[in-house]
Amino acid sequence: MTAERSRDRQARYGAHRRRRAGALAMVPVAALVAAGATYGGGFGLFGEDAGDRAAAAPAPAPAATAESADGFASVNARGQNGTYGGRDGKTVTVSTLADLEKYATAAEPYVIVVDRAITMDPKGKEIKVASDKTIVGAGTSGEIVGGGFFLGQGVHNVIIRNLTIRDSYAGTWNDKEHDWDAIQMDGAHHVWIDHNDLRHMADGLIDSRKDTTYVTVSWNKLSDNNKTFGIGWTENATADLTVHHNRFRETEQRNPSTDNAAHAHLYNNYLQDEPGTDITTSYGNYARGRTAMVLENSYFEGLANPVTKDATAALVQRGNVFKNTSGRNESGGSAFDPKKFYDYSLDPAAEVPALVKSGAGPRSSDGTGTGTKAQAATTLTVAKDGNGQFRTVQAAVDAIPAGNTERVVVAVAPGTYREAVKIPADKPHVTLQGTGGQAKDAVIVEGRSAGTAKPGGGSYGTSGSATVAVEADDFQARNLTFTNDFDEAAHQGQEGHQAVALRTAADKVFLDHVVVNGDQDTLLLDSAAKDKRGRVYVRDSFVVGNTDFVFGRATAAFDRSVLTLKKRWDGSSQGYVTAPSTAAGQKGFLIANSTVNGEVSTRSFHLGRPWHAGGDASLDPQTVVRNTVLPAAIKTAPWTDMGGFSWKDDRFAEYANTGPGAGPASEDRPHLTAQQAADHEVADWLGDWTPTAS
């Protein structure tokens with residue numbers, strides 16, 4: 001590479017200014033798909049072991065649920081790989097206390113949508129929530145009045161979000177008689193409390209007690225309360241909690257008070273005591289006992305004693321803002337590095353008040369604000385045995401009216417559906433959702449290739465070979481397998497072996513816990529036209545193939561996913577993971593926080609090559625692979641030319657990869673600098689789009 005070209009590459013990689021995605025939960029490193037997961041060369045239509053390996057990724061989410069938790073709630077521990085609530089179960093909407101209690105206490109997983117205000121009877125009642133539950137408000141109408149929820153010893157994998165929980169107050173400010181909390185946890189683990197409005201309770205808004213651990217509390221409004229958020233009530237320093245982007249307003253104490261927590265990570269919170277009001281805050285964040293606390297980029301306004309620590313606690317402060325505060329503001333000791341447990345991004349402390357004011361609390365049902373549309377979508381059911389509304393996926397898609405403005409979920413029962421499916425451009429907001437326990441349970445499969453003859457003459461061509469073709473914006477798929485099982489060995493005399501399993505030519509496509517299985521040209525990620533945006537977010541998913549098996553001109557981010565290298569039809573090992581055809585000025589493919597694997601020969605695969613479709617020299621193909629485990633199958637010079645175009649004239653780079661296939665920077669293996677890498681993250685690829693499950 002010439003010096004001039006090297007400087008040009010540096011300039012191009014550093015040109016994009018980093019943008020944040022609002023309240024998008026940055027995906028945790030701790031929830032990465034296991035590095036050892038592999039489907040190997042004999043992937044086929046899944047063996048028994050494939051389901052076990054797929055389980056290494058978080059389970060899929062049905063309608064009415066959003067993304068999996070971040071922070072400590074995302075950490076794989078105690079036999080629980082992150083916190084995803086009831087998304088393996090059915091979605092039910094409740095309007096009565098009896099139904100809320102019935103489903104919240106059930107042994108089975110449920111997503112429970114609260115669509116109105118439900119009053120607890122008797123006052124102060126705390127429903128004993130069982131494991132594997134999501135309890136979510138429908139827009140801003142879901143309320144729990146006069147009581148709350150209790151999570152007991154061993155209860156795990158619970159999400160409580162988008163609710164208002166209020167008004168168990170019994171008339172005594174420093175109430176020592178009524179233990180009536182909004183959310184009380186005694187010995188639970190893996191809990192996510194997110195986007196709620198908690199206020200005016202007899203005791204705590206949140207009590208995390210008795211070694212409750214792996215908890216994330218994010219984007220909540222906590223107000224009008226005395227003993228607000230207590231952590232501890234234990235002699236053991238074992239609890240791990242993350243508290244971020246919460247608004248504490250007119251709360252007297254425990255904001256939070258953290259006693260004997262092994263790791264307490266507090267960041268980007270906004271604590272405010274307004275002058276002239278009835279409630280005066282006595283202190284803000286408090287590290288007690290043997291707590292180790294990291295406190296970052298929070299904003300304290302008008303508080304007395306904003307940060308307090310015991311002599312026995314460790315508290316590290318950095319980047320906080322204190323406005324009109326007084327009294328104790330303490331730090332000392334060495335705590336821990338949160339990034340050893342999970343990844344996260346800090347917002348500037350100066351921006352926190354505006355960010356949290358606009359983003360905390362329940363989101364409206366029309367999808368405004370920083371959150372998701374919480375209410376359940378229209379659902380069409382598909383079952384090949386006749387137990388659904390439709391027997392084929394295409395029949396359900398055909399039943400969706402053109403120009404639909406609301407989310408429609410096509411719920412696909414377990415089974416193998418041999419059909420080609422097309423979602424046309426005039427049917428946006430469609431979700432294909434497998435209802436089985438794993439992605440392998442519902443399979444959409446077809447076996448045609450680019451050279452396969454079409455009825456009526458001609459051949460399908462590469463894009464026409466797709467088993468599933470998506471041309472509509474705001475498409476989602478989860479818990480499904482898309483397969484093209486075209487038999488190359490049986491068709492060696494035929495031209496055109498490209499065989500696409502899934503093609504997207506749309507913007508805002510979210511592929512969540514899916515499997516895309518093929519050989520050559522498995523996954524075509526495109527846009528509707530060269531000058532159109534085509535953003536795709538692929539999370540917790542598996543893609544299998546050998547030649548250019550991720551290709552196209554879309555702006556696509558692969559996150560926490562597995563790309564499995566597969567031998568060719570004749571048993572040989574050679575291939576290319578990506579073939580981007582990115583338009584100039586657009587972003588191409590980003591593979592981040594993922595794993596590449598497969599039972600193929602050492603040094604037999606390239607990471608990518610530039611596809612200048614149709615010989616278009618104006619294209620500027622891009623693939624970046626970062627923070628990803630690479631196998632020995634990857635060549636030491638991982639990029640190569642294509643069609644007379646040199647990869648060195650386009651945008652190919654790595655950053656912080658690991659595994660036997662990773663290697664040091666060289667002219668044949670460019671690496672991003674740390675400064676450049678800051679502009680090559682998932683949020684940069686998605687821009688102003690916050691992908692959330694619907």
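The following exercises, with worked solutions, concern a predicted model.

**Exercise 1.** Determine the order of the strands in the open sheet of eight strands, and identify which strands stand at its edges.

*Solution.* Step 1: The strands follow the order E6-E9-E12-E15-E18-E21-E24-E27, and their pairing is parallel. Step 2: The edges are formed by strand E6 (126–128) and strand E27; each has a single partner strand, so one side of each lacks a neighbour in the sheet. Step 3: On average, neighbouring strands of this sheet are turned by 10° against each other, direction ignored.

**Exercise 2.** Describe how strands E15 and E18 pair.

*Solution.* Step 1: Strand E15 comprises residues 206–209 and strand E18 residues 229–232. Step 2: The two strands pair in the parallel sense over four bridges. Step 3: Opposite Ile-206 stands Phe-229 in E18.

**Exercise 3.** State which strands helix H3 lies across.

*Solution.* Step 1: Helix H3 covers residues 97–104. Step 2: The helix lies across E6 and strand E9 (148–151). Step 3: Relative to E6, helix H3 runs at about 35°.

**Exercise 4.** Establish whether Lys-309 is buried or exposed, and what surrounds this residue.

*Solution.* Step 1: Lys-309 belongs to strand E27 (residues 307–309). Step 2: Lys-309 is buried. Step 3: A salt bridge requires a distance within 4 Å. The nearest side chain of opposite charge, that of Glu-330, is 6.5 Å away, and Lys-309 has no salt bridge. Step 4: The Lys-309 side chain does reach the backbone oxygen of Ala-313, at 3.0 Å. Step 5: Beyond its neighbours within four places in sequence, Lys-309 contacts several residues, including Tyr-286, Leu-315, Arg-328 and Glu-330.

Methods. Residues numbered from 1 in each chain as written. Predicted model: local features only at pLDDT ≥ 70, side-chain atom pairs only at ≥ 80, totals over all residues. Heavy atoms only, no water. Buried < 20%, exposed > 50% of the residue type's maximum accessible area, 1.4 Å probe, protein only. Lys, Arg positive; Asp, Glu negative; His and termini not counted. Polar contact = N/O pair within 3.5 Å; in protein donor to acceptor, adjacent residues only side chain to side chain. Contact = heavy atoms within 4.5 Å. Pairing = 2+ DSSP bridges. Axes fitted to C-alpha atoms, helices over the stretch in contact; angles between N-to-C directions.
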